[in-house]
Amino acid sequence: MTAQTETPETVTTVYKVSGMSCGHCEGSVSAEISELPGVGAVKAVASTGEVTVVSATPLEEAAVRAAVDEAGFELVGRA
């Protein structure tokens, strides 16, 4: 099941990330993903392991995976 919604202006995608356990983890993941081109907003929630990304266009999963890896966590896939 893919949690992705599109409007004429944005795409919202929810990813599952393993290893987040606190607010610092949420901030690290959010900061790395925010640097990807086209990303407008990121909300990471450690308690659920979900990261919601709003972007101008659909993101390449490899780019999101690399950003999450850079933050020190593992992208499991889309929620």
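These are my notebook entries on the cysteines, the helix α2, the strand pairing, the core and the one salt bridge of this structure, which is a predicted model.

**Entry 1, cysteines.** I began with the disulfides and found a count of zero. For Cys22 I looked up the nearest cysteine sulfur, which belongs to Cys25 and lies 3.4 Å away; since a disulfide requires two cysteine sulfur atoms within 2.5 Å, Cys22 is in no disulfide. Cys25 is likewise in no disulfide, and its nearest cysteine sulfur is that of Cys22. I also noted how the two sit with respect to the surface: Cys22 is partly exposed, at a relative accessible area of 32%, whereas Cys25 counts as buried at 8%.

**Entry 2, helix α2.** I next asked which residues of α2, spanning residues 61–71, are buried, and I listed Val64, Ala67, Val68 and Ala71. Looking down the axis of α2, I found these buried residues within an arc of 95°, so they line one face of the helix. This made me recall that an α-helix has 3.6 residues a turn, so residues three or four places apart point the same way. On the face of α2 turned away from the buried side I noted the exposed residues Ala62 and Glu70. I then checked what the buried residues of α2 pack against, and wrote down β2 (11–18), α1 (23–34) and β5 (74–78). Just after α2, I noted that Gly72 takes a positive phi of about 95°.

**Entry 3, salt bridge.** I looked for salt bridges and found one in the structure. It is formed by Arg65 with Glu61, and the closest N and O atoms are 3.1 Å apart. Both residues belong to helix α2 and are four residues apart, which means that about one helical turn separates them. Neither is buried in my notes: Arg65 is partly exposed with a relative accessible area of 32%, and Glu61 is partly exposed with 30%.

**Entry 4, strands.** I followed β2 to the strands it pairs with. Six bridges join β2 to β4 (residues 50–55), and the two run antiparallel; as one example of a pair, I recorded Val53 in β4 as the bridge partner of Thr13. Four bridges join β2 to β5, again antiparallel, and here I recorded Gly77 in β5 as the bridge partner of Lys16.

**Entry 5, core.** I then turned to the largest nonpolar core, which has 20 residues, and noted that Met20, Ile33 and Val51 have the most contacts inside it. The elements that give two or more residues to this core are β2, α1, β3 (39–45), β4 and α2, and α2 gives the most, with four residues. For Ile33 I listed the contacts, leaving aside neighbours within four places in sequence, and found Val39, Val42, Val51, Val53, Val64, Ala67 and Val68.

**Entry 6, Val29.** Is Val29 buried or exposed? I found that Val29, which lies in helix α1, is buried, with a relative accessible area of 0%. Not counting residues up to four places away in sequence, Val29 touches Met20, Val51, Val68, Ala71 and Phe73. Finally, I looked up the C-alpha atoms of Val29 and Ala44, which are separated by 7.0 Å although the two residues are 15 residues apart along the chain.

Key:
Residues are numbered from 1 along each chain as its sequence is written. This is a predicted model: local features need pLDDT of at least 70, side-chain atom pairs count only at pLDDT 80 or more; totals for chains, interfaces and linings use all residues. Side-chain values use heavy atoms; hydrogens and water are left out. Buried means under 20% relative accessible area, exposed over 50%, partly exposed in between (1.4 Å probe, protein chains only). The arc is that of the directions from the helix axis to the C-beta atoms. Contact means heavy atoms within 4.5 Å. Two strands pair if DSSP finds at least two bridges between them. A nonpolar core is a set of buried Ala, Val, Leu, Ile, Met, Phe, Trp, Tyr and Cys residues joined through side-chain atoms within 4.5 Å. A salt bridge is a side-chain nitrogen of Lys or Arg within 4 Å of a carboxyl oxygen of Asp or Glu.
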